Amino acid sequence: MSIKYDKSYLRGYVGENDLKKIFPKIKKAHDDLENKTGLGNDYVGWTDLPSRIEDKFLDSLVNLGKEVRSHSDFLISIGIGGSYLGIRATIKFLRNSELIPVDYAGHNMSVDGLYELLENVKNKRITICVISKSGTTTEPAIAFRIIKKVMEEKYSKEELRQRIICVTDEKKGALRKIADECGFKSFVIPDDVGGRFSVLTPVGLVPLAIAGVDIKALVNGARDGQKEYSSIDLDKNIAYQYAGVRYLLYKKKKLIEVLASFYDNVFYVAEWWKQLYGESEAKEGKGIFPSSLIMSTDLHSMGQLMQDGVRNVFETFIAIEKPEHSLIIPSEKDDLDKFNIVAGRDLDYVNKQAYKATAAAHYEGGVPNSTISLDKADSYHLGKLYYFFERAVAVSGYLLGVNPFNQPGVEAYKKKMFALLGKKD
Ligand code: PA5
């Protein structure tokens with residue numbers, strides 16, 4: 001039940017002594033987080049969130065999930081950014097552990113995508129979960145309008161109250177008003193947790209419980225993460241080591257981080273991570289550009305760049321020690337492709353050799369890399385990994401001297417879009 005961090009291929013770039021030298025800075029960031037004395041300290045409610053989640057609240061969500069699944073066979077999760085990515089990341093990472101199919105709306109305004117979704121659910125019994133902290137974000141607000149209209153044509157007012165669930169602010173915003181006026185079931189997003197840190201609030205927990213994900217294991221993983229990654233013992237706290245490594249590499253002009261995995265279920269975890277790291281660090285002209293690759297697929301498209309391009313990149317692998325299934329490679333009489341050498345072996349054995357070879361080759365090609373390994377791809381380890389990344393980015397943002405909890409740059413396109421649309425506020 002553990003997560004490990006291997007720094008072997010940072011040799012020559014970042015050593016244990018380098019980390020020790022910046023320990024006072026890490027300690028300062030840690031103290032600022034713990035004592036709420038750092039930039040953006042109104043938004044550090046996520047730091048002790050896992051331990052504050054009550055078991056009886058989780059039980060009530062598990063029961064809500066059972067109730068919804070008794071009258072629905074499809075869930076649509078409406079939201080964008082922090083109100084979208086953690087849900088999709090969790091469901092994709094856990095593969096088919098959801099008990100009803102889930103699709104997503106409100107994270108873009110691509111008309112054919114939403115049209116296709118609506119066609120697909122035409123004859124299905126659906127429930128929707130609308131998630132928006134501000135309650136006013138354009139993309140989910142418009143998707144909600146369209147989907148609600150379709151549902152109003154199909155279901156009675158009473159049925160709609162069973163099938164529309166809102167997750168939003170306690171008092172503010174249009175979605176709060178709609179939920180209260182129409183009597184939709186609603187859940188509150190705490191004020192002190194920003195969007196990209198909200199996967200373990202009702203933002204993530206409500207739709208995930210409806211989908212049938214083991215939310216108790218997810219939260220238990222995060223609780224253990226909270227214990228391990230809030231420790232100031234740098235030798236033991238791998239989240240702080242990761243934060244320190246990133247900072248030191250950034251100082252060496254490694255300006256792009258690639259989160260890479262040989263496990264395809266990590267795809268949306270990487271998308272969640274990109275928002276968390278991009279929005280938290282990249283401001284005031286500072287920050288590492290977060291990027292991601294899924295191997296071997298991307299080795300055959302981006303492998304050239306990783307091996308031989310501009311040397312401003314470092315790589316962080318996410319490895320899964322024990323995949324859930326096994327597939328044994330068969331032997332073939334003629335051995336035309338000469339792969340009888342691995343006949344009788346599990347496919348994951350070959351995948352792991354591909355990872356080892358890639359990490360070594362990229363290191364030799366000038367890409368320092370490290371690996372975060374999870375024992376298993378289950379809810380527990382994912383909850384722990386979420387906390388690991390949250391804690392690390394907060395420290396890493398403080399090391400850079402920025403406020404890791406705001407996102408002023410996101411407003412620029414909204415202002416211009418509202419001007420084009422003629423929207424007043
Ligand atoms: O990190 C953030 O705060 C943003 O990316 C939000 O998550 C995103 O804009 C969605 O906002 P809201 O939940 O208010 O609709």
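Colleague: Which domains is the chain divided into?
Modeller: Keep in mind that this is a predicted model. One domain is made of two stretches, 3-38 + 219-408, and the other is 47-213. So, going by an automatic or database assignment, the chain has domain 1 (3-38 + 219-408) and domain 2 (47-213).

Colleague: How many residues of domain 1 are in contact with domain 2?
Modeller: Taken over C-alpha atoms, the centres of the two domains are 29 Å apart. Still, the domains touch: contact means heavy atoms within 4.5 Å. On the domain 2 side 26 residues take part, and on the domain 1 side the count is 33.

Colleague: Where does the ligand lie relative to the two domains, and why?
Modeller: The ligand takes up the space of the largest pocket. Domain 1 and domain 2 both give residues to the shell around the ligand, so its place is between them.

Colleague: How many residues of the shell around the ligand are polar?
Modeller: In total, 13 residues surround the ligand, and S83, S132, K133, T137 and E279 are the closest. Sort the shell by type and you get 1 nonpolar and 3 charged residues. The polar count is 9.

Colleague: What share of the ligand's accessible area does the protein cover?
Modeller: Let's start with the contacts to oxygen atoms of the ligand. A polar side-chain atom of T137 is 2.5 Å from one such oxygen, and an N or O atom in the S83 side chain is 2.6 Å from a ligand oxygen. S134 uses a backbone N or O atom instead, at 2.7 Å. On its own the ligand has 390 Å² of accessible area, and the protein covers 87%.

Conventions: Residues numbered from 1 in each chain as written. Predicted model: local features only at pLDDT ≥ 70, side-chain atom pairs only at ≥ 80, totals over all residues. Heavy atoms only, no water. Near = heavy atom within 4 Å. Polar contact = N/O pair within 3.5 Å; in protein donor to acceptor, adjacent residues only side chain to side chain. Areas by Shrake-Rupley, 256 points an atom, 1.4 Å probe, with all protein chains shown as cover. 1 Å grid on protein atoms, 1.4 Å probe; cavity = no way out; pocket = protein on both sides within 12 Å on 5 of 7 lines; lining within 4 Å. Sits in = over half its atoms within 2 Å of the grid points. Nonpolar A, V, L, I, M, F, W, Y, C, P; charged D, E, K, R; others polar.
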